[in-house]
Amino acid sequence: SVSATGTAFQSIVDKVEAASTRVIKQVFLRNGSDKTGGGAKGRLIKNVNLSAELKGIPEEIVGHIDYLIIRDNGDIEVFNIKSSTESYTNWDSAKKEKYRYQMAILKRILEFNGIPAKNIRMNIIPVKMTYDPTFQYVTDLEVEQTVAVDFKDSTYILKKYDQAAER
């Protein structure tokens, strides 16, 4: 049994705080130095909810961004945390593709809200979680290196929404 004052609970609280610090550090390190070499600094915003209304489709597209950087030069950099029991290098292709689609939708929502695609960079911060043998408690967290999301060959997943935007 784990109590609020027990060492097991305090240990995971400490690990969550350390993981959170590592995530913020990765975002801030990227924030301080524009990856494209322009050196543009920017403003960090946490927990951004987005939506886009589309013509001819009654549904609204919604999404969430964990960390959004708006650079002084107008570029946008998005960081979303994705947790798993496996290291990113061991994720199967279906899982990577699922997250790539999710990030493509977020990018499209940003585009629908007036941000040119060429100014948007999407990133995933993988977090590996380890559980106790019964999967009731998290016993460890490991923040992995940020992964830039590549959208080559992804346009087909957005065809329905592309057509709605063109109307």
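Where is the place of S84? S84 lies in strand 3. Keep that residue in mind while we walk through the chain. Note that this is a predicted model.

Start with the overall layout. The chain contains 3 helices and 6 strands. Read from the N terminus, their order is α-β-β-β-α-β-β-β-α. The chain has 167 residues, and 39% of them are buried. Its accessible surface is about 9,900 Å². Carbon and sulfur atoms account for 52% of that surface.

Next, look at how the chain meets itself. Take the contacts between residues at least 6 apart in sequence. Of these, 59% join residues at least 24 apart. L54 and I109 offer a pair to look at. They stand 55 residues apart in sequence, yet their C-alpha atoms are 10.0 Å apart in space. L54 belongs to the loop between strand 1 and strand 2. Is L54 buried or exposed? Its relative accessible area is 9%. Buried means under 20%, so L54 is buried.

Now go inside. The largest nonpolar core holds 23 residues. Those with the most contacts inside it are L50, I65, I76, V78, M103, L110 and M122. Which elements give two or more residues to this core? They are strand 1 (42-53), strand 2 (60-71), strand 3 (76-84), helix 2 (93-112) and strand 4 (120-131). Helix 2 gives the most, with 6 residues.

Pick out L110 and follow its contacts. Set aside its neighbours within four places in sequence. L110 then touches L50, I65, I76, V78, I115 and I120. There is also a second core, separate from the one above. This second core has 10 residues, including Y67, I69, I125 and V127.

Turn to the aromatic rings. The whole structure has 3 aromatic pairs. One of them joins W91 and Y99, whose ring centres are 5.4 Å apart. Their planes meet at 55 degrees, so this pair is tilted. Two values are at work here. A pair of aromatic rings is described by the distance of the centres and the angle of the planes.

Both of these residues are buried. W91 has a relative accessibility of 4%. Y99 has a relative accessibility of 9%. Add Y88, and the three residues Y88, W91 and Y99 make one aromatic cluster.

Two lysines join the picture. The charged end of K95 sits over the ring of W91, 5.1 Å from the ring centre. The charged end of K96 sits over the ring of Y88, at 4.6 Å from its centre.

That brings us back to S84. Its relative accessibility is 6%, so S84 counts as buried. Which residues is S84 in contact with, leaving aside its neighbours within four places in sequence? They are W91, K95, V127, K128 and M129. Two of these names come from the aromatic paragraphs, W91 and K95. The side chains of S84 and W91 share a polar contact of 3.4 Å. The side chains of S84 and K95 share one of 2.6 Å. V127 is familiar too, as a residue of the second core.

Put these parts together. S84 in strand 3 is in contact with W91 and K95. The charged end of K95 sits over the ring of W91. W91, in turn, belongs to the aromatic cluster with Y88 and Y99.

Methods
Residues are numbered from 1 along each chain as its sequence is written. This is a predicted model: local features need pLDDT of at least 70, side-chain atom pairs count only at pLDDT 80 or more; totals for chains, interfaces and linings use all residues. Side-chain values use heavy atoms; hydrogens and water are left out. A nonpolar core is a set of buried Ala, Val, Leu, Ile, Met, Phe, Trp, Tyr and Cys residues joined through side-chain atoms within 4.5 Å. Buried means under 20% relative accessible area, exposed over 50%, partly exposed in between (1.4 Å probe, protein chains only). Helices (H or I, at least four residues) and strands (E, at least two) are DSSP runs, numbered from the N terminus. Contact means heavy atoms within 4.5 Å. Accessible areas come from the Shrake-Rupley method with a 1.4 Å probe; for residues, only the protein chains shown count as cover. Rings of Phe, Tyr and Trp (its six-membered ring) pair if their centres lie within 6.5 Å; planes under 30 degrees apart count as stacked, over 60 as edge-to-face and the rest as tilted. A charge sits over a ring if NZ of Lys or CZ of Arg is within 6 Å of the ring centre and within 35 degrees of the ring normal. A polar contact is a pair of N or O atoms within 3.5 Å; within protein, one must be able to donate a hydrogen and the other to accept it, and residues adjacent in sequence count only if both atoms are side-chain atoms.
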